[in-house]
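Open the structure in your viewer and keep the selection tool at hand. This tour goes stop by stop.

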Amino acid sequence: RQILADVTEEVKQSVNRNIDGAEVLHSLLNAAWLQSLLKALLSAHDTVAQKDYEPVLPPIPEDLPEDEEATRIVCLVKNRQPLGATIKRNEVTGEIFIARVIHGGLADRSGLLHAGDRIIEVNGFPVDGMEPEQVIQVQARSQGTIMFRVIPITERPVHNQTMLYVRAMVDYSPQQDPTIPCADAGMSFRKGDVLEIVDQTDVLWWQAKKLPSSTACAGLIPSTSLLKRKQREFWWSQSYQPHAWITFYSHFSPSEEDLMAIDEKCVEAGKASFNPGFRRSMRLCRRRTHSITQSSCHTRCPSSCYSALNGPYEEVVRYQRHQQDTHRLIALSGPSGVGVNELRRRLIEMNPNIFQGPVPHTTRTPKAYEESGREYFFTSREIFNHMVYNNRFLEYGEHKGNLYGTSIESVNDVLNSGKICVIDIEPNAIQAVRTHELRPYIIYVKPPPLERLRETRQDSYIITNYYVNRPFKDEDFQEMEEAARKIESHNWQFFDHVIVNDELQDSCVQLLTAVRKAQDEPQWVPASWIRPTAES
Ligand SMILES: Nc1ncnc2c1ncn2[C@@H]1O[C@H](COP(=O)(O)OP(=O)(O)OP(=O)(O)O)[C@@H](O)[C@H]1O
């Protein structure tokens, strides 16, 4: 207060001496709003200057031996957060070490504890020879503050951490993983979650945050190599069941690591209007139950092969399409009858100058009004088979003795014309479209709950084959829900957006919004699309 009064007086004298700007400064200093701010600032300064901190830390012990210059006393104020560090015991010497410090946790933010530091005492109790659990109990008893005496690691490894973002391709639950050093320090994730890897120092256990992240503190997750190893072990332990291994985590073998926690619980801490007739091709191929002939669909890479070949994490980057780039392919997928084609058709009809479907190929004979290249590309079986052989189709199938397929070229034709290409695909074609060339934005059309299906589809017809449609029955809805469950369990990680197709109008609006976002806003995409690798 006195300083402020003195300064104000000084400035007042400068005003009398006509010094440039003094008058403005004087009126500012006298302004009530600034006075209160200045007083608060000066009072904070006084508190800091007097070292008047809360809470008062215990005094540093006086009876330290002479040769103690290498030890460090670390006092941390306990709050409800875990300490954010794990400990391990050297089984030969009985010495206790800090195994890891969790990024963003209390220990990390203090900057005073590091992986590799040897703990000599906790709250004055020597810990050498103790079991890690006993060390945990000692620290758990402390009130207010916790004091560690440590021998700092002499050479802290320098890690040039590179920023890494990944999309989880599997589910993980630390609570069901007996090999995690500390389950409470672990972070669960679901397939499709985007994770920021903040620490890869450890070969087996990484530290990560789930995005969008609201917490400062990271959690432990298995590294790619560890998760791959667990996948392999689980895969070999199962009789061959495609996809079964995806929820493998409860079958992990015990770890070789011997890390313990030291917090209270844990120290580690096509319609007639020339929308090309895709509707009449691929989607019909899958109607096994309704088609007269046995139908089949094929894709360039069935998704079942994905799981066996790829890792548990997919590196992703934030990608924003440039105005001059071709549009991202919009691919809709969902269980049969959910409304994928209806939504696609309505979107294209809404603005055919912007949206368009690719023209499919077929081996069937053209009808009188059809023109090759408009409804379909009409081709011979030989040419069609040649295209199949050369991987030119994203998916193809047979229906009533005729072949139908969507070629990569026909999708590219739409994209190169400057329009947004909208396709509907079978879930097992997802891998085939996920290329850096097409950069697809995959929208999953999900059925609403059973009651809502009954209500909303009262006047709708299920398209059972080319000519005969009939009202939906309850078993159609149940079949749809069952198919949805399977699709979700195998493909959830590939969906960029989910639309629950309840009220048709709402779904159309949601679709339009999602498509705009896909083209104009930044999205997480596989890093290989942006930095193509040899395999992509
Ligand atoms: N939200 C909705 N409310 C009411 N009816 C709907 C809704 N969505 C779609 N439908 C109707 O349900 C029927 C099936 O839709 P659609 O043909 O688009 O299914 P699909 O997902 O493409 O499956 P498939 O390709 O196997 O026919 C159509 O008659 C369609 O008009």
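Begin with strand β10. G219 and I221 point one way from it, L220 and P222 point the other way, and all are buried. Keep in mind that this is a predicted model.

**The partner of β10**

Now add strand β9, residues 205-211. β9 and β10 pair in the antiparallel sense, over four bridges. Pick Q207 and look across to β10: its bridge partner there is L220.

**The six-stranded sheet**

Widen the selection. β10 and β9 belong to an open sheet of six strands, in the order β10-β9-β8-β7-β13-β25. The pairing is antiparallel. Which strands lie at the edges? They are β10 (219-222) and β25 (523-526), and each of them pairs on one side only. Turn the view to see the twist: neighbouring strands of this sheet are turned by 50 degrees against each other on average, direction ignored.

Stay in this sheet and select β7, residues 164-168, with β13, residues 313-319. Three bridges join these two strands, which run antiparallel. Find V166: E315 in β13 stands opposite.

**The largest core**

Next, colour the nonpolar side chains. The largest nonpolar core has 45 residues. Which members touch the most other members? They are I98, I119, A168 and I221. You have met I221 already, on β10. The strand that gives the most to this core is β3, residues 96-101, with five residues.

Centre the view on I98. Leaving aside residues up to four places away in sequence, I98 touches A85, I87, L113, H114, A115, G116, D117 and I119. Apart from this core lies another, of 44 residues. Its members include V338, L347, I442 and L453.

**The five-stranded sheet**

Move on to a second sheet. This open sheet has five strands, in the order β15-β20-β14-β21-β24. Is the pairing parallel or antiparallel? It is parallel. At the edges are β15 (355-356) and β24 (497-500), each pairing on one side only.

Zoom in on β14 (residues 330-333) and β21 (residues 441-446). Four bridges join them, and they run parallel. Select I330 to find one of these links: its bridge partner in β21 is Y441.

**Two helix pairs**

Two packed helices are described by the angle between their axes and the distance between the axes. Try that on helix α9 (residues 340-350) and helix α15 (residues 504-520). Their axes come within 10 Å and cross at roughly 65 degrees. The crossing of α9 and α15 is right-handed. Show the side chains: L343, R346 and L347 of α9 make the contact with S507, C508, L511 and L512 of α15. L347 is also among the members of the 44-residue core.

Now go to helix α1 (residues 2-16) and helix α2 (residues 22-30). They pack at an angle of about 150 degrees, with their axes 8 Å apart. Why call them roughly antiparallel? Angles over 145 degrees count as such, and α1 and α2 are therefore roughly antiparallel to each other. Their crossing is left-handed. Select V7, T8, V11, K12, S14 and V15 in α1: they meet A22, E23, L25, H26, L29 and N30 in α2.

**Zoom out**

Finish with the whole chain in view. It holds 16 helices and 25 strands. Of its 536 residues, 36% are buried.

Terms used. Residues are numbered from 1 along each chain as its sequence is written. This is a predicted model: local features need pLDDT of at least 70, side-chain atom pairs count only at pLDDT 80 or more; totals for chains, interfaces and linings use all residues. A nonpolar core is a set of buried Ala, Val, Leu, Ile, Met, Phe, Trp, Tyr and Cys residues joined through C-beta atoms within 7 Å. A residue is buried if 20 or more other C-beta atoms lie within 10 Å of its own, exposed if 12 or fewer, and partly exposed in between; C-beta atoms are placed from the backbone. Two residues are in contact if their C-beta atoms, placed from the backbone, lie within 7 Å. Two strands pair if DSSP finds at least two bridges between them. Axes are lines fitted to C-alpha atoms, for helices over the stretch in contact, and angles run from 0 to 180 degrees between N-to-C directions. Angles under 35 degrees count as roughly parallel, over 145 as roughly antiparallel, 65 to 115 as roughly perpendicular and the rest as oblique. A crossing is left-handed if the near helix is turned anticlockwise from the far one by less than a right angle, and right-handed if clockwise.
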